[in-house]
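Please open the model in your viewer and keep the sequence beside it, since this tour moves from one selection to the next. At each stop there is something to select and a short account of what is found there.

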Amino acid sequence: MDGGRLPYTRPGLVACDMDGTLLEPDGAFAEGVPAGVAALRAAGVQVVICTGRMFCSARPRAAELGLRDGPIVCYGGALVADLASGDWLRHEPIDGEAAAALVRFARERGLHVNAYVDDALFVEEEDRWTRWTVGYAQVEATVVDDLVPVVERGPTKLVIAVEPDVAARIAPEVTQRFASRLRAATSLPHFVEITAAAVNKAATLEWVRSTLLGVAADRTLACGDGLNDVDMLKWAAVGVAVEEGAEGARRAARMVVPRARLGALFEELAAAPVPPREEDTSVRTFPTGR
């Protein structure tokens, strides 16, 4: 790790987690982040949000940063959508049978489950976890008697909401029990995020980089704070972890900086020299659809 030292020349792609990275715990953008993102974009750098949030929750927050077009990665890598049109460019849902088994697994243990189907939130009870999710993400929740028939349609993501000490135990248990079908990772301390086994932020960002943006692999930078960001931090040419984040994220990163310094880092990167060999970073057009 290089502390807070500027890593290299100007990147072509900056991928950023949202909650805990660009956003403070209270949901406000960290000081200087909007100005830093604006500086990157003005310098021709592609800025891609890569978040565990729903598209309908992430899209308005991205707009607050001036990000109203181009791709956004949601649901921890399970969905890539176009910010301008709302079209889904890539979607990797959970198999319905595996999702139903996970709901039953959680129900046997008395655990709350958020189910995300067609960019809508479904729950079985309006409890404190539902109220927290609705309030923080600014979305609506549909309460149903039984999640099983809902998730049999193939959810984009499932979330088990529990106390942090329980989350630390449940994530590896889910991974072990459903290893070939599901992937579990902690994001916020009380969230165990569950996606299809092959889904992660790194794999999806690689698809965005190579298929949509055409940015050279050695001109990528990623910022994150959670254990679900580790693969993304390792994928990037330069991984930047926020100092307040998980120890695993800090270990995976090349740089560790306080969250309050991210905006300044972005401005430094925007002003850094462009490497001699400039890549074509224009967004290409591909067929879309869910």
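Begin by selecting β10 (182–186) and β11 (191–196), which form a hairpin with four residues between them. Helices and strands here are DSSP runs numbered from the N terminus, with H or I over at least four residues for a helix and E over at least two for a strand. This is a predicted model, in which local features need pLDDT of at least 70 and side-chain atom pairs count only at pLDDT 80 or more, while totals for chains, interfaces and linings use all residues. Residues are numbered from 1 along each chain as its sequence is written, and side-chain values use heavy atoms, with hydrogens and water left out.

Stay with the hairpin, whose two strands pair in the antiparallel sense over five bridges; strands count as paired if DSSP finds at least two bridges between them. If you select Arg183, its bridge partner in β11 is Thr195. Four of the five residues of β10 are buried (under 20% relative accessible area, with a 1.4 Å probe and protein chains only), so β10 is largely enclosed by the rest of the structure.

**The six-stranded sheet**

Now widen the selection to the open sheet of six strands, which has the order β8-β7-β6-β9-β11-β10 and mixed pairing. Its edge strands are β8 (141–143) and β10, each of which pairs on one side only. On average, neighbouring strands of this sheet are turned by 25 degrees against each other, direction ignored. Axes are lines fitted to C-alpha atoms, for helices over the stretch in contact, and angles run from 0 to 180 degrees between N-to-C directions.

Next select β9, residues 157–161, which pairs with β11 in the antiparallel sense over four bridges; here Leu158 stands opposite Ile194 in β11. Add α3 (96–108), which lies across β6, β9, β10 and β11 and runs at about 5 degrees to β9. The helix α4 (128–137) also packs on the sheet, touching β6, β7 (120–123), β8, β9 and β11, and its direction makes about 40 degrees with that of β6. Contact in these descriptions means heavy atoms within 4.5 Å.

**The three-stranded sheet**

Move to a second selection, the open sheet of three strands in the order β3-β4-β5, where the pairing is antiparallel. The edge strands are β3 (71–74) and β5 (88–91), each pairing on one side only. Strand β4, residues 79–82, pairs with β5 over three bridges, and Ala81 stands opposite Trp88 in β5. Helix α2, residues 55–64, packs on this sheet and touches β3, β4 and β5, with its direction at about 135 degrees to that of β3. Helix α7, residues 201–213, also touches β3, β4 and β5, and its direction makes about 165 degrees with that of β3.

**Cavities and pockets**

The last stops are empty spaces, found on a 1 Å grid over the protein atoms alone: a cavity is a set of points where a 1.4 Å probe fits but cannot get out, whereas a pocket is an open set with protein on both sides within 12 Å along at least five of seven lines, and lining residues have an atom within 4 Å of a point. Grid points are joined across faces, edges and corners, and a volume is the space filled by probe spheres set on the points.

How many cavities of 30 Å³ or more are there? The count comes to two. The largest cavity holds about 270 Å³ of space, and among its 21 lining residues Asp19, Gly52, Arg53, Phe191 and Glu193 lie nearest its centre. The helix α4 gives the most to this lining, with four residues. The second largest cavity holds about 70 Å³, and the residues to select around it are Tyr75, Gly76, Lys157, Arg183, Ala185, Glu193, Thr195, Lys201 and Asn228.

Turn then to the largest pocket, with about 290 Å³ of space; of the 18 residues that line it, Gly20, Ser187, Leu188, Pro189 and Asp225 are the closest to its centre. The second largest pocket has about 210 Å³, and its lining includes Val103, Ala106, Arg107, His112 and Leu147. The elements that give two or more residues to this lining are α3 and β6 (112–117), and α3 gives the most, with three.

Definitions and conventions:
Buried < 20%, exposed > 50% of the residue type's maximum accessible area, 1.4 Å probe, protein only.
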